[in-house]
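Dear colleague,

Please find below the structure that I am handing over to you, followed by an account of what was found in it. I would be grateful if you read the account with the structure open beside it.

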Amino acid sequence: MMGFTKQDVEFLEEHVENTLKDGCKYCSFRYIMFSTHVTKEPDGTKVFFLDVECPDCNAKYKDIMAMRNDND
């Protein structure tokens, strides 16, 4: 099981807030649909990313927010 640290949760909160302020990276439409994801690679690296869909310009994209390794 992947453990989340306080820093992980704070990072996600901040990035989601920024995403909501900025909107779609292609057309800036603010009412986007998105989901947040975190994967953990075999070496311990956590990859934080968003899947985003914009109903205004029909863009669909993956936005990698950060990569962190708990072992560093």
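**The cysteines**

C24 is buried, and its relative accessible area is 2%. Please note that the model is a predicted one. C57, by contrast, is partly exposed, with a relative accessibility of 34%.

How many disulfides does the structure hold? There are 0. A disulfide is a covalent bond that joins the sulfur atoms of two cysteines. For a pair of cysteines to be counted as one here, the two sulfur atoms must lie within 2.5 Å. The cysteine sulfur closest to that of C24 belongs to C57 and is 3.8 Å away, which is too far for a bond. C57 is likewise in no disulfide, and the cysteine sulfur nearest to its own, that of C27, lies at 3.7 Å.

**Fold and overall dimensions**

The protein contains 1 helix and 3 strands, and along the sequence these follow the pattern α-β-β-β. Measured out along the principal axes, the box filled by the C-alpha atoms is roughly 40 × 20 × 20 Å. Of the contacts in the protein with a separation of 6 or more, 40% are between residues 24 or more positions apart.

**Helix α1 and E17**

Helix α1 spans residues 6–22, and E17 is found in this helix. Is E17 buried or partly exposed? E17 is partly exposed, at a relative accessible area of 44%. From E17 to M33 there are 16 residues in sequence, and their C-alpha atoms are 13 Å apart in space.

**Surface and charge**

The protein has 72 residues, and 32% of them are buried. The exposed area comes to about 5,100 Å², of which carbon and sulfur atoms supply 50%. The side chains include 9 positive and 14 negative ones, and the centres of these two sets are 2 Å apart.

**Confidence of the prediction**

The average pLDDT of the protein is 88, and 93% of the residues score at least 70. Which element has the lowest mean pLDDT, and which the highest? Helix α1 has the lowest, with a mean of 86, while strand β2, residues 45–53, has the highest, with a mean of 92.

With kind regards

Conventions. Residues numbered from 1 in each chain as written. Predicted model: local features only at pLDDT ≥ 70, side-chain atom pairs only at ≥ 80, totals over all residues. Heavy atoms only, no water. Helix = DSSP H or I, 4+ residues; strand = E, 2+ residues; numbered from the N terminus. Buried < 20%, exposed > 50% of the residue type's maximum accessible area, 1.4 Å probe, protein only. Contact = heavy atoms within 4.5 Å. Areas by Shrake-Rupley, 256 points an atom, 1.4 Å probe, with all protein chains shown as cover. Lys, Arg positive; Asp, Glu negative; His and termini not counted. Charge placed at Lys NZ, Arg CZ, Asp CG, Glu CD. pLDDT = per-residue confidence, 0-100.
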